Amino acid sequence: RLMVVEVDVVTKEALWTVAGPIQGIQSSALAIDVDDAGRYHLAGYTCLDDCEREGEVRIYEPGGELLWQASIGQLDFEWFGPHDIAWSPAGYVVVALAESKSPSYLFKVQAFAPGSYDPLWTFIPSDMQGPQVALAVSVGPYGEVYAGGIGAMNHPAFAVIGG
């Protein structure tokens, strides 16, 4: 189960928030970032016992209240991620993952605005030359998005998006 653990470094007290008591649902948080208001932005997945992973983004308030969650789609394999998440000062989160594209899979970066269930934008490189996956994402001071991962033939992949 996905959980958020907050620890007060002075008092050593811990607050545990565990996602949903729904029977048969598995969940996981694979990446986290914190915005300027202290909210936790998580990227992970949920699935039933047969575990066909549905990627998702969640936002929690400090104290554990779930504010919002949105699907980022079916993740055909565990190594599709999502692998990383970054908060942008432009008011949205950016997620690094992979997407199925027969006969291979692609490097993918998506942005989501809190409260909206459709992506603001999606970046997939135009060179469809073999297996690729986005593993890391960061947002620069002017809103530019930096994403890195594995490109075709296991070469490094790097993208600078917008700004």
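**Exercise 1. Find what share of the contacts with a separation of 6 or more joins residues 24 or more positions apart.**

Step 1. In this predicted model, take the contacts in the protein with a separation of 6 or more.
Step 2. Among these, residues 24 or more positions apart account for 36%.

**Exercise 2. State which elements make up the protein, and in what order they run.**

Step 1. Count the elements: the protein has 13 strands and zero helices.
Step 2. Read from the N terminus on; the order is β-β-β-β-β-β-β-β-β-β-β-β-β.
Step 3. Compare the radius of gyration with the globule rule: the protein has 16 Å, close to the 15 Å that the rule gives for 163 residues, so the protein is as compact as a globular protein of that length.
Step 4. For the outline, the C-alpha atoms fill a box of roughly 50 × 40 × 30 Å along the principal axes.

**Exercise 3. Decide whether K108 is buried or exposed, and describe its surroundings.**

Step 1. Locate the residue: K108 belongs to strand β9, which spans residues 104–112.
Step 2. Apply the cut-off: buried means under 20% relative accessible area. K108 has 8% relative accessibility and therefore counts as buried.
Step 3. Look for a polar partner: the side chains of K108 and E99 make a polar contact at 2.6 Å.
Step 4. List the neighbours, leaving out residues up to four places away in sequence: K108 touches V95, A96, L97, A98, E99, T122, F123, I124 and A134.
Step 5. Set this against the whole protein, where buried residues make up 44% of the 163 residues.

Definitions and conventions. Residues are numbered from 1 along each chain as its sequence is written. This is a predicted model: local features need pLDDT of at least 70, side-chain atom pairs count only at pLDDT 80 or more; totals for chains, interfaces and linings use all residues. Side-chain values use heavy atoms; hydrogens and water are left out. Helices (H or I, at least four residues) and strands (E, at least two) are DSSP runs, numbered from the N terminus. The radius of gyration is taken over C-alpha atoms; the globule rule is 2.2 Å times the number of residues to the power 0.38. Buried means under 20% relative accessible area, exposed over 50%, partly exposed in between (1.4 Å probe, protein chains only). Contact means heavy atoms within 4.5 Å. A polar contact is a pair of N or O atoms within 3.5 Å; within protein, one must be able to donate a hydrogen and the other to accept it, and residues adjacent in sequence count only if both atoms are side-chain atoms.
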